Amino acid sequence: MGKKIKKEVEPPPKDVFDPLTIEIKKAATVVLMLNSPEEEILAKACEAIYKFALKGEENKATLLELGAVEPLTKLLTHKDKVVRRNATMIFGILTSNSDVKKLLRELEVMNSVIAQLAPEEEVVIHEFASLCLANMSVEYTGKVQIFEHGGLKPLIRLLSSPDPDVKKNSIECIYNLVQDFQCRTTLQELNAIPPILELLKSEYPIIQLLALKTLGVITCDKESRTMLKDNQGLDQLTKILEAKELNDLHVEALSVIANCLEDMDTMVLMQQTGDLKKLLSFAENSTIPDIQKNAAKAITKAAYDPKNRKFFHEQEVEKCLVTLLGSDSEETKIAAAQAISAMSENSSSKDFFNTQGIPQIVQLLRSDNEEVREAAALALANLTTRSPANANAAAEADAIAPLINILSSKRDGAIANAATVLTNMAIQEPLRSVIQSHEVMHALLGPLHSTNTVVQSTAAFTVAATACDMEARNELRNCGGLEPLTELLHSKNDEVRRNASWAVMVCASDELTAVELYRLGQTGYLSSSNIITDGFYDCGRKNPGTKLLPLKELCLQELNDHRAILLVNSKFDTFHFSAGFGSPTEEKSEPTSGRNTVLSRGAAKEKGSRKGRGKKEEEKVKEEEEVLAVPKLTESSPDKEWYPPPDPEFCVYVYEVTKSILPIINIKDQIEALAKYVADKMGGKISKEKLSDFSWELHISELKFQLKSNVIPIGYIKKGIFYHRALLFKALADKIGVGCCLVRGEYSRAWNEVRLLNEARKGIIGRLPPPEEYIVDLMFHPGALLKLGSREADLYRFL
């Protein structure tokens, strides 16, 4: 055998660097390695950074300061899978830091992260990419970016992942996303309910809980509730409630069921399966406050339907709710009181709570918790509405004092509810006296000053209900309550104005209070519900503090140079007839249209003498005759009872519009016809250019002189300006039931406002827009309707 010869090893190529193993102890050095072109170095650098970030929040902040985030974002799309995986893992950890999240939003890397959810990627990449999105979705801007970059669809797909961490991260991100309505809508389109329901079977409680929380949000929408019911979701929820070992899920399961009970078909289904009865039993027997609270909320939502209320009453739900009122949990008390409020719409339930429930609710009015007091007041408000027996029961339980205390609450809802209860009580005189003895008017002062329209409305309503005797009105006046009450007459809210008007009317029955109300100023506004009746007179705008005289004194005053007082009166009295006034309908089956019956005698006497006269001379003579023919209203016998001056011509107007305009079916045509009629009676159409030549002031002065009175019945005026015509239009419109407002402006301006439904929308099925408001032109183009807010309307009112 030959001798073995040792084979020599070939040396490495001269252009290759020998492997170098070094120990790095500085994070900054590793961050610099993120810019290396070598995949192995990148992978190891990312691994080191991942371990460093796991150690705590301080390390995450350090990496941010060292500038690690931006180079790491580029590695999310690296061609090497290991590098890409390690970079994704880092972001899953880093994004729990709010500053990192902010920087990532600015760098717009959402597309790169969502791309890691692709089916072909490793499970570990799915895990950390979904964790990154879950962290990013906590804030609103992050939600928007995830949704806009199409992140919802791959997240729903990952709900079926075999990995529990992926499921957990995905459902958590979806839960955050569906807080937004648009995301909920898209979720329905992607048919996400079945995979979410599947998560309820998970062996991991956190996954089950997040699934229930998500269902609790999305079932606020009817479409999602329908999908849940169609996928047997109610069965799964009921099974969770029946499983004692799942008691940590009962609260959220009840929340979902509460949403579903808003749908009548779900309620029927649960009745048929017996699940509804189980729910009530569950609520009554449970000792867990959150379960009691959610059960009461479920009852509340379902009880808005009359059939559901009837069923609940048959199941004696009232006993359950009274029990829940005694819970140690404030939230449960609130939910129980709200459920009682809903159930009180059922008359039988309302009767039940008369003896069992009202005393417990009154106790809650004294709670230190403002929300509890508000809910208790709401329950009492509904229980005492249209129920004198319950109002008495509340008073017997000493509810009046705490209710008046609640009027100074910081919560508007509590104030409005308490005021409603007091109003319901005040309908009964014995209770009203008790309420007044607690200085209720002082307590209402704050609510009358409120900026909340509901509080304003209910407070004014309470004033109207309690100011029925002189002592209460004196209290309101002395405590300064009239001023805020009259301010409410200017409210833009119809309900506030209506209730304030009623309160003012009640208070004005007392002379001292009426004088004070007048001193505080007039509104200069009559709404369509303020009907002008006979005896109405308009003195014009009065300065605050000026005494408003009764009509009789005004009629007997000496002539002055103040603005004439306009009177509306269609009633006659025997004395004035015998003094020379004849009824416009007397001796005729109907009056002659367009003729002044008061002046007919003078006109007939001189009929023939006008022949051959010139037109201008004839008009001048006509005006003189009209003035001379007007009787003196102040002439009356001292032995006779005083009556307001009659207005035969206005009676003719009422007769004519009743006959010719009232039968018109179309309201718009009615308004136009009435406007033309009014304009014709007061001088006809006047062009803007000739407005200054319209000698209405002379005409009014001549009437005052001839009548020997500052009071002029509206029918006597034949040359009327804006405010004369507007008053006549309102008075005649009220006679024939045409709704309109009368608004006083400046500089002899006044106008009428009407509301009309847009003709183009008539006949359209569905919710109609609110009526449009117009000003009626009585001067320049009689009958024209000027849309409120338009330039034409502003010119009519102000220029």
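Here are some worked exercises on this protein chain, which is a predicted model.

**Exercise 1. Get a feel for the whole chain: how many helices and strands are there, and what share of the residues is buried?**

Step 1. Start with the secondary structure: the chain has 45 helices and 8 strands.

Step 2. Now for burial. Out of 799 residues, 50% count as buried.

Step 3. Look at the surface too. The chain exposes about 40300 Å², and 51% of that comes from carbon and sulfur atoms.

Step 4. Finish with the contacts. Take those between residues at least 6 apart in sequence: 69% of them join residues at least 24 apart.

**Exercise 2. Work out which residues of helix α31 are buried, and where they sit around the axis.**

Step 1. Find α31 at residues 440–448 and pick out its buried residues: Val-440, Met-441, Ala-443, Leu-444, Pro-447 and Leu-448.

Step 2. Check how they spread around the axis. They span an arc of only 155°, so they lie on the same side of α31.

Step 3. Recall some helix geometry. An α-helix has 3.6 residues a turn, so residues three or four places apart point the same way.

Step 4. Ask what lies over these residues. The cover includes α28 (400–406), α29 (412–426), α30 (429–437), α32 (453–466), α33 (470–478) and α34 (482–487).

**Exercise 3. Describe how two of those covering helices, α29 and α30, meet.**

Step 1. Get the geometry: the two axes come within 7 Å and cross at roughly 135°. That angle makes α29 oblique to α30.

Step 2. List the residues in contact. From α29 you have Leu-422, Met-425 and Ala-426, and they meet Leu-431, Arg-432 and Ile-435 of α30.

**Exercise 4. Do the same for α32 and α35: at what angle do they pack, and which residues make the contact?**

Step 1. Remember which two values to look for. A packed pair of helices is described by the angle between the axes and the distance between them.

Step 2. For α32 and α35 (residues 494–507), the angle is about 20° and the axes are 8 Å apart.

Step 3. Name the arrangement. Angles under 35 degrees count as roughly parallel, and α32 and α35 are therefore roughly parallel to each other.

Step 4. Add the handedness: α32 passes α35 in a left-handed crossing.

Step 5. Collect the contact residues. On the α32 side they are Thr-453, Gln-456, Ser-457, Ala-460, Phe-461, Val-463 and Ala-464. On the α35 side they are Glu-495, Val-496, Asn-499, Ala-500, Trp-502, Ala-503, Val-506 and Cys-507.

Step 6. Zoom in on Ser-457, which sits in α32. Ser-457 is buried, with a relative accessible area of 7%. Leaving out residues up to four places away in sequence, Ser-457 touches Glu-495, Val-496 and Asn-499. The C-alpha atoms of Ser-457 and Arg-498 are 8.3 Å apart, although 41 residues separate the two along the chain.

**Exercise 5. Why can α22 be called largely enclosed?**

Step 1. Count the buried residues: 7 of the 9 in α22 are buried, so the rest of the structure largely encloses this helix.

Step 2. Put names to them: Val-317, Glu-318, Cys-320, Leu-321, Val-322, Leu-324 and Leu-325.

Step 3. See what they pack against. Their partners are α19 (275–285), α20 (289–302), α21, α23 (330–343), α24 (347–352) and α25 (358–364).

Step 4. Step back to the loop between α21 (306–314) and α22 (317–325), where you'll find Glu-316. The phi of Glu-316 is positive, near 55°, in a residue other than glycine. Glu-316 is partly exposed, with a relative accessible area of 44%.

**Exercise 6. Is Cys-740 buried or exposed, and which residues does it touch?**

Step 1. Locate Cys-740 in the loop between α44 (722–736) and β5 (741–744).

Step 2. Check its accessibility. At a relative accessible area of 1%, Cys-740 is buried, since the cut-off for buried is under 20%.

Step 3. Find its contacts, again leaving out residues up to four places away in sequence. Cys-740 touches Leu-526, Ser-527, Ser-528, Phe-729, Lys-730, Ala-733, Asn-752, Glu-753 and Val-754.

Step 4. Pick Ser-528 from that list. Ser-528 and Cys-740 are 212 residues apart in sequence, yet their C-alpha atoms are 4.7 Å apart.

Terms used. Residues are numbered from 1 along each chain as its sequence is written. This is a predicted model: local features need pLDDT of at least 70, side-chain atom pairs count only at pLDDT 80 or more; totals for chains, interfaces and linings use all residues. Side-chain values use heavy atoms; hydrogens and water are left out. Buried means under 20% relative accessible area, exposed over 50%, partly exposed in between (1.4 Å probe, protein chains only). Helices (H or I, at least four residues) and strands (E, at least two) are DSSP runs, numbered from the N terminus. The arc is that of the directions from the helix axis to the C-beta atoms. Contact means heavy atoms within 4.5 Å. Accessible areas come from the Shrake-Rupley method with a 1.4 Å probe; for residues, only the protein chains shown count as cover. Axes are lines fitted to C-alpha atoms, for helices over the stretch in contact, and angles run from 0 to 180 degrees between N-to-C directions. Angles under 35 degrees count as roughly parallel, over 145 as roughly antiparallel, 65 to 115 as roughly perpendicular and the rest as oblique. A crossing is left-handed if the near helix is turned anticlockwise from the far one by less than a right angle, and right-handed if clockwise.
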